[in-house]
Amino acid sequence: MSAALRVLDVIQSLDPALGGPAEGLRQISAAMQRLGHASEVVSLDCATDGWLRAFPAPVHPLGPRHGRFGYAHRLGPWLREHAGRYDAVVVHGLWQYHGLATWRALHGSGRSEEHTSELQSRVDISYAVFCLK
């Protein structure tokens with residue numbers, strides 16, 4: 001068996017009322033843990049949001065977020081400080097502030113190799129992976 005991975009997923013919100021992305025990440029996080037990998041999530045939710053307690057992986061809530069694209073001033077600094085603890089950072093939903101903040105924090109850091117979904121040009125998949133080690 002290969003070594004366990006430490007993966008950080010970055011998403012705007014884990015609010016189940018928002019549907020697909022939150023539920024998809026819930027399923028991915030649970031599957032990663034069953035396979036023996038460490039999965040953690042950074043969201044732009046507030047620490048007091050009740051839905052975070054039921055999430056199957058550790059969550060780092062860095063909200064509140066503001067405006068249409070979900071600006072959260074704590075995200076970039078947090079990523080610069082903590083991203084080195086993970087083997088990969090996966091951004092769910094590229095076209096919002098958290099995608100830009102992750103790219104800014106990791107691009108050109110000398111620690112990341114960027115990948116976007118090869119399927120993205122053929123289907124509507126919007127995520128990016130930054131491999132850090």
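pLDDT is the predictor's confidence in each residue, on a scale from 0 to 100. Keep that handy, since what you have here is a predicted model.

**Exercise 1. Find where confidence is lowest and highest, then decide how to treat the weak stretch.**

Start with the whole protein: mean pLDDT is 84, and 79% of the residues reach 70 or more. Next, go element by element. Strand 5 (residues 113-116) sits at the bottom with a mean of 51, while strand 3 (residues 59-61) tops the list at 98. Now look at residues 116-125: pLDDT stays under 50 there, and the model has 10 contacts beyond four places in sequence for this stretch. How should you treat it? Where pLDDT is low, don't read the predicted coordinates in detail.

**Exercise 2. Write down the order of helices and strands.**

Count first: there are 3 helices and 6 strands. Then walk along the sequence, and you get β-α-β-β-α-β-α-β-β. For a feel of how the chain folds back, take contacts between residues at least 6 apart in sequence: 60% of them join residues at least 24 apart.

**Exercise 3. Work out whether strand 4 (residues 88-92) is enclosed or open, and find its partner.**

Buried means under 20% relative accessible area. By that cut-off, 5 of the 5 residues of strand 4 are buried, so the strand is largely enclosed by the rest of the structure. Now split the strand by face. In a regular strand, side chains alternate between the two faces of the sheet. On one side you find Ala88, Val90 and His92, on the other Val89 and Val91, and all are buried. For the partner, go to strand 1 (residues 6-11): 5 bridges join it to strand 4, and the two run parallel. One pair to check on screen is Val10 with Val91.

**Exercise 4. Map the largest nonpolar core.**

Nonpolar side chains in soluble globular proteins tend to be buried together. Here, the largest core has 16 residues, and Leu8, Val42, Leu62, Leu75, Trp78 and Leu79 touch the most other members. Next, ask which elements feed this core: strand 1, helix 2 (75-82) and helix 3 (97-106) each supply at least two residues. Helix 3 gives the most, with 4 residues. Then zoom in on Leu62. Skipping neighbours within four places in sequence, Leu62 is in contact with Val42, Ser43, Leu44, Asp45, Ala72, Arg74, Leu75 and Trp78. Finally, a separate core of 8 residues lies apart from this one, with Leu14, Leu25, Leu52 and Phe55 among its members.

Methods. Residues numbered from 1 in each chain as written. Predicted model: local features only at pLDDT ≥ 70, side-chain atom pairs only at ≥ 80, totals over all residues. Heavy atoms only, no water. Contact = heavy atoms within 4.5 Å. Buried < 20%, exposed > 50% of the residue type's maximum accessible area, 1.4 Å probe, protein only. Pairing = 2+ DSSP bridges. Core = buried A, V, L, I, M, F, W, Y, C linked by side-chain atoms within 4.5 Å.
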